[in-house]
Amino acid sequence: LEFKMSTLQQQRLIVEQLRREAAIRRINVSQAVEDIKKFISDHAHDDILINGFHPPKHNPWKDGGRCKVL
């Protein structure tokens, strides 16, 4: 058996969802950008994309140099 909600029930669910979303605390985009910039600058020393692998042998994508045929 398939349960079908009435239009009124569906509308109540939508209103409840909209109320939950309206209650979410939000910050300005400008503040979020500043937070992201601070996080990036605070963690740059651990970022492999910026600093690479140290030592280079820890690079899992390093080319092995030889072609191996199985």
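A helix here is a DSSP run of at least four residues, numbered from the N terminus. Keep that in mind, since helix H2 carries much of what follows.

What you're looking at is a predicted model. The protein has 3 helices and 0 strands, so reading from the N terminus you get a plain α-α-α order. How confident is the prediction? The mean pLDDT of the protein is 85, with 84% of its residues at 70 or more. That confidence isn't spread evenly: helix H2 comes out highest, at a mean of 96, while helix H3 (residues 48–51) sits lowest, at 79.

Next, the surface. Of the 70 residues in the protein, buried ones make up 0%; to count as buried, a residue would need a relative accessible area under 20%. The accessible surface adds up to about 7300 Å², and carbon and sulfur atoms account for 59% of that.

Now for the charged pairs. Side chains of opposite charge can pair when their charged atoms come close. How many salt bridges turn up in the whole structure? A search finds 2, and we can take them one at a time.

Start with lysine 37 and glutamate 34, which form a salt bridge whose closest N and O atoms are 3.4 Å apart. That fits the cut-off, because a salt bridge asks for a nitrogen within 4 Å of a carboxyl oxygen. Why are these two placed to meet? They're 3 residues apart in helix H2 (residues 29–43), so about one helical turn separates them. As for how open the pair is, lysine 37 is partly exposed, at a relative accessible area of 48%, and glutamate 34 is partly exposed too, at 42%.

The other pair is lysine 38 with aspartate 42, whose side chains meet in a salt bridge at 2.8 Å, N to O. Both residues again belong to helix H2, this time 4 residues apart, which is about one turn of the helix. Lysine 38 has a relative accessible area of 51% and is therefore exposed, the cut-off for that being over 50%. Its partner, aspartate 42, is partly exposed at 37%.

Charge isn't the whole story, though. Ile36, Phe39 and Ile40 make a nonpolar surface patch of about 320 Å². Phenylalanine 39, one of the patch residues, lies in helix H2, the helix that also holds lysine 38 and aspartate 42.

Conventions. Residues numbered from 1 in each chain as written. Predicted model: local features only at pLDDT ≥ 70, side-chain atom pairs only at ≥ 80, totals over all residues. Heavy atoms only, no water. Helix = DSSP H or I, 4+ residues; strand = E, 2+ residues; numbered from the N terminus. Buried < 20%, exposed > 50% of the residue type's maximum accessible area, 1.4 Å probe, protein only. pLDDT = per-residue confidence, 0-100. Areas by Shrake-Rupley, 256 points an atom, 1.4 Å probe, with all protein chains shown as cover. Patch = residues over 30% accessible without salt bridge, like charges linked within 9 Å, V, L, I, M, F, W, Y side chains within 5 Å.
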